[in-house]
Amino acid sequence: MVSKADREKAVYAYKVDFAQLKSEIQLIERNDFSMMKTENDRLEGELEKLKQRLRDEIARTQASVRLDLNLEKGRVRDEASAQEIKMKETDTRIESEISGLRTQMEAIKFQIMQYMIGTMTGAGALILAYLRMFK
């Protein structure tokens, strides 16, 4: 019931419609592809910016940690030198106390020798007096 010419017109119209649909789909694909590519480029740019910020933050943190470590080393070095000075002062004080004790011991030895000589002289005189008295 459809004539050959009508059928060919319908087939031709369908082919034209399919061609238009195909071209529209291709155009939409190209637009989608370009949009996706643009979005991908934008995301890659943002990712690179974030990577750079992360590198900067890591570098800043490392610098801060190095500074803190150097400050701590300096503080420990200062504290160690202060402790060394205190130890030297303590050693000097101990040495002076020992010297004072030696001096006192020498003085006591000398006094003991004086008393001993005095005592021996007195005892010798008593012995001589005793011998003289009974002879």
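## One helix, end to end

A helix here is a DSSP run of H or I that is at least four residues long. With that in hand, residues 112–131 come out as 100% helix and 0% strand. Keep in mind that this is a predicted model.

The rest of the picture is simple to describe. The protein chain has one helix and zero strands. That helix is α1, covering residues 4–134.

## Overall shape

How far does the C-alpha trace of the protein chain span along its principal axes? The answer is about 190 × 25 × 10 Å. The radius of gyration tells a similar story: the protein chain has 57 Å, while a compact globule of 135 residues would have a value near 14 Å.

What about burial? Just 1% of the 135 residues count as buried. The accessible surface of the protein chain adds up to about 13100 Å², and carbon and sulfur atoms hold 63% of that.

As for charge, the protein chain carries 24 positive and 23 negative side chains. The centres of these two sets sit 6 Å apart.

## Two stretches from UniProt

UniProt, in an unreviewed entry, lists two stretches worth finding in the model. One is a "coiled-coil region" at residues 33–64. In the model that span is 100% helix and 0% strand, with its end C-alpha atoms 45 Å apart.

The other is a "transmembrane region" at residues 112–131, also from an unreviewed entry. Its end C-alpha atoms lie 28 Å apart. Both annotations may be inferred rather than shown by experiment.

## An aromatic pair

How many aromatic pairs does the structure hold? There is one. It is made by Tyr130 and Phe134, whose ring centres are 4.6 Å apart with the planes at 70 degrees, so the pair is edge-to-face. The cut-off behind that label is a plane angle over 60 degrees.

Where do the two residues sit? Tyr130 and Phe134 are both in helix α1, four residues apart, which is about one turn of the helix. Are they buried or exposed? Both Tyr130 and Phe134 are exposed. Tyr130 also falls within the residues 112–131 that UniProt lists as "transmembrane region".

## A look at Asn31

Asn31 is another residue of helix α1. Asn31 counts as partly exposed because its relative accessible area is 39%, and that label covers values between 20% and 50%.

For a sense of distance along the chain, try Asn31 against Tyr12. These two are 19 residues apart along the chain, and their C-alpha atoms are separated by 28 Å.

Key:
Residues numbered from 1 in each chain as written. Predicted model: local features only at pLDDT ≥ 70, side-chain atom pairs only at ≥ 80, totals over all residues. Heavy atoms only, no water. Rg over C-alpha atoms; globule rule 2.2 N^0.38 Å. Buried < 20%, exposed > 50% of the residue type's maximum accessible area, 1.4 Å probe, protein only. Areas by Shrake-Rupley, 256 points an atom, 1.4 Å probe, with all protein chains shown as cover. Lys, Arg positive; Asp, Glu negative; His and termini not counted. Charge placed at Lys NZ, Arg CZ, Asp CG, Glu CD. Phe/Tyr/Trp six-rings, centres within 6.5 Å; stacked < 30°, edge-to-face > 60°.
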